[in-house]
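Okay, thanks for squeezing me in. Let me put the model up on the screen, and then we'll walk through it piece by piece.

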Amino acid sequence: MADAPKTAPKRKSPTVRQLRERRRVLRSIGAGVGVIGAALLGFFPVVKKWAERLRPPGAIEEQEFLAACIKCGQCVQVCPVEAIVLGDLDEGYGVGAPYIDARKQACDFSCDAVQCVLACPTGALSHDTDVKEQVTMGIARLSRPKACLARLGQGFKGTARGDDFLGLHRYIEVDRWTPIPIADHPYDLDLCDLCERECPIEGAITIERNNFDLTDLRGTPVVFETCVGCGMCEMICPVDPPAIVIEKNARWEDV
Amino acid sequence: MSLLSSIYEMFGKAPNKKPDDSCYTEGACKIHSEKRDIKGKKERVAAIKAERDMNRSHKWRNRRWASIFIVNGLFVLSFSLDIQLIEGSMSASRVFGFHLADLNAALQVTLAFKEILINLVIGTVTVLILWWLLGGRTFCSWACPYHLLAEWAEEIHLKLAEMKMVRDMAMHRGLRTVLYILFAGLAFGTGYTVFEAISPVGIVSRALIYGPGLALIWVVVLLMFEVFFTRRAWCRYMCPIGLTYGIVGITSPVHVRYELENCLHEGDCRQVCLVPHVLEVTKKGFALKEQVALGPDCTRCGLCVDICPTGSLQFDVKGLNKLL
């Protein structure tokens, strides 16, 4: 006797409705993975430190800063010299977080009372910072001593950054309250001391004579612990690229 | 539809099936059975719809668009003219020195930073009360700048769909709840406000106020996805901000109220609605009571109010009628 033909246990084929539902769920999972994936891409720039940024006065430690910042831009709005700008897509989780491009427009504390800190709604710019002297954005460093005009014993005549430079600075001797374009303020100096001259923090930079020979003008900008890293020296430095730059996020405790 | 089931639906549960006869109120039962007996219904519906189409109103849509323009315009003007009306952007701002914070952004920051910030608490409570009063997701349709862009993208999508060039690839509404939990978890776990990097609301708001940037590419990608694939994909199925405000609006006094009596059950409202599951009640035989308040996922956008030919959907403020 022949066995009855064996039939595999029949699987019910899904209905059109079930198929549609299955596709809908799969599509949703795909979209969800896409959105989360796009959001996770933000890790790369942050972890790899593609662009280390000079954060505004009062900024807390970088990782905490990115966590606490609500990306509203209120600090941008109060800055009288518009030094603060917001991060873009290429900064990952720094999208919308404020930074300062010191060479383009440094913070020169024209506002007198760290307005950006007062404007911050979350404490990403810490309210422990009351006066400019308490700020710790970074530390100025003479990175290209060979290019420094003071080191070369040269003077400086003309506008510090050229006639079409848009940067602003408050010259107290010109106008106590309103910053003016650096391009409107030409200099005529026997020895370039722009970094010391325009530094908003007392005693943060001094040009120290290289020797006691009075005929030898040469000097070196020396940065002291009062330096807060505002970037004014980096902005005003007339050589290009600048001889003095800010080491972002550097702290005196670590030096 | 009970409040509880409308909350479940907001989190992604499929809407309830047609109820059985035992659960109607007496009044609703009477109306339902009366509707069955109406003769010459087809002609009546055609006549009512023709009349609506003659004087098609966009009253609520126009008011709403005006509101979005005014809210976002104030932000822009405040900064560009330096008049300090509303400083900041959608994520956090200050009105005459008084803090306001977007609830979802504040939540992300708190989870990532793991500290309660007093200014943020002030801003959050203010905004919470404001949007609770106004209806929760009212934020979406009356203030969110991305909502307006998405509405325009939706119009293109619908035109293309009409020409059979695209098809709405619907998704599961539970996706939004999953994303909500994932983004909250990511903020807490990584210490970065992960969601803020892709939040189209923050990106569009900042682009309007501080000038456009590369981040707008992401917004364009989202809009293109909505035009060619899924109708209102972001607002319907993904946006955690919408869910945050939806939760705020659960007990809101402002809502859209459905009246069973004159409804023709034609479903025009469900066609225009961003969140059609809240309008399930307008299907024939679904309303358990003569009057039903729509669920918390409703963005109070008023498109259904505008399109309803019988005035069966109306804005309503709970308790106001009793007072007046």
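Before I point at any strand, one bit of vocabulary: when I say two strands pair, I mean that DSSP finds at least two bridges between them. And please keep in mind that what you're looking at is a predicted model.

So, let's start in chain B with the sheet that has the order β1-β2-β3. It's an open sheet of three strands, and the pairing is antiparallel. Which strands stand at the edges here? Those are β1 and β3 of chain B, and each has a single partner strand, so one side of each is left without a neighbour in the sheet. Going from one strand to the next, the twist averages 15°.

Now the pairings themselves. β1 of chain B covers residues 86-89, β2 of chain B covers 92-95, and four bridges hold them in the antiparallel sense. If you want a landmark, find Gly88(B), which sits opposite Ser93(B) in β2(B). The link from β1(B) to β2(B) is a hairpin through two residues.

Stay on Ser93(B) for a second, and look the other way, into β3(B). Which residue is the bridge partner of Ser93(B) there? It's Leu100(B). Move along to Arg94(B), and the bridge partner in β3(B) is His99(B). In total, β2(B) and β3(B), the latter being residues 98-101, run antiparallel with four bridges joining them. The hairpin of β2(B) and β3(B) has two residues between the strands, and Phe96(B) in that hairpin takes a positive phi near 45°.

Something also sits on this sheet. Helix α6(B) packs on it, touching β2 and β3 of chain B, and the helix direction makes about 75° with that of β3(B).

That helix has a helical partner too. α6 of chain B, residues 118-134, packs with α5 of chain B, residues 103-113; the angle is about 150° and the axes are 10 Å apart. Anything over 145 degrees counts as roughly antiparallel, so that's how α5(B) runs relative to α6(B). The crossing of these two, α5(B) and α6(B), is left-handed. And who's actually meeting whom? On the α5(B) side you've got Leu103(B), Ala106(B), Val109(B) and Thr110(B), and on the α6(B) side Leu120(B), Gly123(B), Thr124(B), Val127(B) and Leu128(B). Sorted by class, that contact of α5(B) with α6(B) has six nonpolar and three polar residues, and no charged ones.

Okay, next sheet, further along chain B. This one is also open, with three strands in the order β5-β4-β6 and antiparallel pairing. The edges are β5, residues 291-293, and β6, residues 313-317; each has a single partner strand, so one side of each is left without a neighbour in the sheet. The twist in this sheet averages 35° from one strand to the next. β4 of chain B, residues 254-259, runs antiparallel to β5(B), with three bridges between them. To find your place, look for Arg257(B), whose bridge partner in β5(B) is Ala293(B).

Two more helices. Is α10 of chain B, residues 200-210, mostly covered or mostly uncovered? Mostly covered: eight of its 11 residues are buried, including Val201(B), Ile203(B), Val204(B) and Arg206(B). Right after α10(B) comes Gly211(B), with a positive phi near 100°.

Then there's Ile217(B), in helix α11 of chain B, residues 216-228. Is Ile217(B) buried or exposed? It counts as exposed, because there are 11 C-beta neighbours inside 10 Å, and the cut-off for exposed is 12 or fewer. The C-alpha atoms of Ile217(B) and Leu3(B) are 39 Å apart, with those positions 214 residues apart along the chain.

Last stop, the contact between the chains. How many residues does each chain put in? Chain A gives 35 residues and chain B gives 47. On the chain A side, the elements with two or more residues touching chain B are α1 (16-40), α3 (62-68) and α4 (74-78). Among those, α1(A) gives the most, with 10 residues. By class, that side of chain A has 18 nonpolar, 11 polar and six charged residues.

That's my tour, so go ahead with questions.

Technical notes
Residues numbered from 1 in each chain as written. Chains lettered and ligands numbered in written order. Predicted model: local features only at pLDDT ≥ 70, side-chain atom pairs only at ≥ 80, totals over all residues. Axes fitted to C-alpha atoms, helices over the stretch in contact; angles between N-to-C directions. Buried ≥ 20, exposed ≤ 12 C-beta atoms within 10 Å, placed from the backbone. Contact = placed C-beta atoms within 7 Å. Nonpolar A, V, L, I, M, F, W, Y, C, P; charged D, E, K, R; others polar. Parallel < 35°, antiparallel > 145°, perpendicular 65-115°, else oblique. Left-handed = near helix turned anticlockwise from the far one by under 90°.
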